[in-house]
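Got your viewer open? Load the model and keep the selection box handy.

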Amino acid sequence: MSTMCAYMPPNTTIRPSLIVYNSFEFRYFIKYLSSVMSIVFVRRFQTPKNIKFNISYFLFLNMTLNKNKEIKSLKTVEWKDNSLILIDQTKLPTKLVYTKCNDYIHVAKAIKDLVVRGAPAIGVAAAFGMALAAYNSKARSISSLSRDLDKAFEVIRSTRPTAVNLFWALDRVMKEGKKGKTVQEIKNLILNEARTMAEEDVENNRSMGAFGSNIISDGDVILTHCNAGSLATVAYGTALGVIRAAKESGKNIKVIATETRPVMQGARLTAFELHHDGIDVSLIPDTAVGHIMSKNKIKNIVVGADRVLKTGHVFNKIGTYQIALLAKAHKIPFYVVAPTSTFDLQNTPSDITIEERSREEVTTIGGKKIAPDGIGVFNPAFDMTPPELITGIITEKGILKHPFEKNIKKLKIGIN
Ligand code: MRU
């Protein structure tokens, strides 16, 4: 499968130059080439005495500037030049590759295949998918544009069933689009709403970080599961946003990331982004959680959520429930970090569909077969943690404590 062009329509040819350019290594090659050219320039115009100093100086300056630029430009979901640009998370941590989506079908496939994943990032990507559907529509009347939008809405909403942000985002842009009086106005309203949602996502993560960093003390070792970081949001992260905020406030903290079988979001994504940001992170097998807790090594647990019900039941990545049970047994505080866009006030636990993913995710690792053919496989992607195992739910409006049902009601959440 290609990199940049993974979501091109079937008959599109892929230019090898594009693919190569999008690999991390090639970009660095180009940058080093520019460093060498700077040195050649210096050699021509300096006296031999100064050459050594200038070479080292230019090399250092060029590499440092380029490295910083790379860190700042890491964006999970970005609307640029009328396209949606996504980091292809299936390629991390070995390659930092961006995928350009020019139509809603590409966006839907990217969500389904986990190119973009994590509840808030899925929601914002879906909203931009609707903007692509709107702008690509050739409709001249409002009724025919509505038909095109309804079709895109159905395709995108059928990609993943558990994270409520997907449905929340689609409903929100559709509701906004309905305010338009002309075809062009509807298109603009949908795109503007998607942009607003992307901005709000980062603001909400910052607020959750500010509230959440209060539960963390200097010297804490914090366990997190799956990836609820920048890569699961537009930027900054939910659970990892709390960790980032604690670190920014000067607390010396360490993070333990579970590998998160079968798709390895903890190993591939959480370890990648924390290490990238200079936050001390250690990776553990999922099976080591109980042992490490029993050794008094963990002070706090923070995880994200794909859906929080009005009763405080939390749906999150498979394995969250057993971590919460172990936390209770070892009296370790267990916090969920989720924006109110992840709250579902309509449904009860039995209404929620837990996504089941392919058997290959379990029977292979990195494309290598690790189990015999012909066996049964069960691969639920999420589980439900009941409220009694949760210490608090950190939202952008504050930290919810027990009784959750009563306190969630007080939040007065919008579109639900
Ligand atoms: O299957 P994924 O990778 O989309 O699952 C992601 C998670 O379960 C995250 O923990 C959750 O979405 C919270 S993200 C801020």
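Here is a short walk from the whole chain to a sheet and then to the ligand.

Before clicking, note that this is a predicted model, where local features need pLDDT of at least 70, side-chain atom pairs count only at pLDDT 80 or more, and totals for chains, interfaces and linings use all residues. Residues are numbered from 1 along each chain as its sequence is written.

Start with the whole chain in cartoon: it has 14 helices and 16 strands (DSSP runs numbered from the N terminus, H or I of at least four residues for helices, E of at least two for strands). Of its 416 residues, 41% are buried, meaning 20 or more other C-beta atoms, placed from the backbone, lie within 10 Å of the residue's own.

Next, pick out the open sheet of 7 strands, ordered 6-5-4-7-10-15-16 with mixed pairing (two strands pair if DSSP finds at least two bridges between them). Select 281–284 and 398–400 for its edges, strand 6 and strand 16, each paired on one side only.

Now zoom in on 221–224 and 254–258: strand 4 and strand 5 run parallel over 4 bridges, with Val221 opposite Lys254.

Finally, go to the ligand. Which residues come nearest? Show Arg117, Ala228, Ala232, Gly304 and Lys317, out of 17 around the ligand (C-beta atom, placed from the backbone, within 6 Å). Colour helix 5 (119–136) and strand 9 (314–317) too, as each supplies at least two shell residues.

Notes. Buried ≥ 20, exposed ≤ 12 C-beta atoms within 10 Å, placed from the backbone.
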